[in-house]
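Let's take a walk through this model together, from the overall fold down to single side chains. Keep the structure open beside the text as you read.

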Amino acid sequence: MTAVTTATGAAEAAVEYRHPARWAILAVVCLAELTVVLDNTVLNVAVPSLTRQLHAGTAAVQWMVSAYALAQSGLLLTAGALADRWGRRRMLTAGLVVFGAGSAAAGFAGSAGALIAARVGMGVGGALILTTTLAVALQVFGERERPAVIGVWSAVNALGFASGPLIGGALLQHFRWGAVFLVNLPVVAVALVAVALLVPESRNPVGARPDVPGALLSVTGTTALVFAVVSGPRDGWAAPPVLGAAALAVAALAVFARWERRTATPMLDVRFFRDRRFTGAVAGTVLVTFGMGGALFLLTQDLQFVRGYGPLTAGLRTAPLALTVVALNLTGVCARLIRRVGAPSAIAAGMTLLAAGVALVALSGTDGYALPFAGLVTMGAGCALANPAMAEALMSAIPPERAGVGAGINGTLAELGNGLGVAVLGAVLASRFTALLPPGPSTSFPAALAAAHDAPHRAAVTHAFASGIATSQLIGAVAVFLGGAVAALLLHRADRT
């Protein structure tokens, strides 16, 4: 009996190991994460300056913005696998160095091509940082603290996306456009020193040989898939580059799945998908980012085109969503609630709140800001509850020694869901708007409004666009609600068995 008790106590102590400097380590990895996430949106406000000073055309500007996200999303899974094998602190350090070098190159770029190449380099460093930050944080905290850790990590993620345009706008008021990249350098320097002093090394003790074919197929398939999803709404789904990328993604990912089933050292063990907890978390992650990404894409157009706000004012009026996420997660409210009710109930409640918030914005009409504000706060509460619960469910379904791969899967799914939300709901908007548009040659809202010859015609165009936005948002709300029900059901069944 004594031996059994001792063994049980030792096992519990191992599970509940907590690094004495864990909160300082969490602050370090969140600082690194914040810098990477900011650069997803900080460039948007600098586009006019880049167009003038670098003489960039429309295609070049699009690549300046999207090259970073494409490189980052395509490498997340591979970066996580490398971190598990070679060491998470080592990969975090390498990611910071690559990201800093890319930021310096971008800040002093003298041409559009040089800036695009620098943004690709930043994306490579960003992939290494994003996968290792979550993996490192989970290694130094105990199991009971995991929901709180993931909640803080999610809050920093939301804060970065929301504050990117605001920080970029503030910098551009006083400095040249390169400042939006050079501001990363002191943050990277501080993070490098802090990582060297505080972050312990951790890796997969098995040390299986690298899955080079799997890595190549994963990078090719995910990059092509994200490219097709992002480019489809802009270039048209029948455009040859979009169709080619989609075909390449399907072929590469199919071969990747077949290879991972047959190789002795898979980068992604496809047996994970037999776990209901894992598949439930996967479905929920895609759909919650689908709803949030699509809703924000539609809301920014609603605020500017329909309600007449400027870009900065529109950005400020979407801030309640991110601020609600930050407030609820940093204070630990959602972490305590998740521990009390369990992940399935938290995901069901969170995605119901998110769907209700999107529906409230859709039904708010075109006058006033009170109802959209209430909808954004409700959406933020739903994301604050659902995102950490799903991330915790996904990470708990993967062995701790594969934490890097788990973080890579989580990041890839978030990128894919966000892109799908913009693509699918954007397509619904375009279809509905075209169907309601008064007869004429124009199909875009600015062109149709410019072609309107009188006040009633302009009102009809605005009404058609507002109706298209509302329809798209309601479809997104239904998808999120149903996705939440499916994810919660799968997780509930997994917990029962």
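What follows starts with confidence and overall make-up, then turns to helix pairs and a few chosen residues.

This is a predicted model, in which local features need pLDDT of at least 70 and side-chain atom pairs count only at pLDDT 80 or more, while totals for chains, interfaces and linings use all residues. Residues are numbered from 1 along each chain as its sequence is written, and side-chain values use heavy atoms, with hydrogens and water left out.

How confident is the predictor? The average pLDDT (the predictor's confidence in each residue, from 0 to 100) is 79 for the chain, and 89% of the residues score at least 70. Among the elements, helix H5 (residues 88-107) has the highest mean pLDDT, 90, and helix H1 (residues 2-15) has the lowest, 40. The pLDDT is below 50 over residues 1-15, and this stretch has two contacts in the model beyond near neighbours in sequence. Contact here means heavy atoms within 4.5 Å.

Now for the make-up of the chain. It has 20 helices and zero strands; both are DSSP runs numbered from the N terminus, helices being H or I with at least four residues and strands E with at least two. Of the 497 residues in the chain, 51% are buried, where buried means under 20% relative accessible area, exposed over 50% and partly exposed in between, with a 1.4 Å probe and protein chains only. Among the contacts in the chain with a separation of 6 or more, 82% are between residues 24 or more positions apart.

Next come three helix pairs. Two packed helices are described by the angle between their axes and the distance between the axes. The axes are lines fitted to C-alpha atoms, for helices over the stretch in contact, and angles run from 0 to 180 degrees between N-to-C directions.

Begin towards the N terminus with helix H2 (residues 22-38) and helix H6 (residues 112-140), which pack at about 160° with their axes 9 Å apart. That angle makes H2 roughly antiparallel to H6; angles under 35 degrees count as roughly parallel, over 145 as roughly antiparallel, 65 to 115 as roughly perpendicular and the rest as oblique. The crossing of H2 and H6 is left-handed, meaning that the near helix is turned anticlockwise from the far one by less than a right angle; clockwise would be right-handed. H2 brings residues including Ile 25, Val 29 and Glu 33 to the contact, and H6 brings residues including Ile 129, Thr 133 and Val 136. The contact of H2 with H6 has 11 nonpolar, two polar and two charged residues. In this grouping Ala, Val, Leu, Ile, Met, Phe, Trp, Tyr, Cys and Pro count as nonpolar, Asp, Glu, Lys and Arg as charged, and the others, Gly among them, as polar.

H5 pairs with helix H9 (residues 184-198) at an angle of about 165°, with axes 9 Å apart, so H5 and H9 are roughly antiparallel. Their crossing is left-handed. Among the residues making this contact are Leu 92, Leu 96 and Gly 100 of H5, and Val 188, Leu 192 and Val 195 of H9. The contact of H5 with H9 holds 11 nonpolar, four polar and one charged residue.

Further along, helix H16 (residues 343-362) packs against helix H17 (residues 370-396) at about 155°, with their axes 7 Å apart. H16 and H17 are therefore roughly antiparallel, and their crossing is left-handed. Their contact comprises 22 nonpolar, five polar and one charged residue.

Stay with H17 for a moment to find Leu 394. Leu 394 counts as buried because its relative accessibility is 0%. Leaving out residues up to four places away in sequence, Leu 394 touches Phe 278, Ala 281, Val 282, Gly 406, Ile 409 and Leu 413.

Ile 409 also appears among the contacts of Leu 77, along with residues including Ser 218, Phe 256 and Met 267. Leu 77 lies in helix H4 (residues 58-86) and is buried, at 8% relative accessibility. Its C-alpha atom is 8.1 Å from that of Ala 215, 138 residues away along the chain.

Which residues does Ser 218 touch, not counting residues up to four places away in sequence? They are Gly 74, Leu 77, Thr 78, Phe 256 and Met 267. Ser 218 sits in helix H10 (residues 212-235) and is buried, at 1% relative accessibility.
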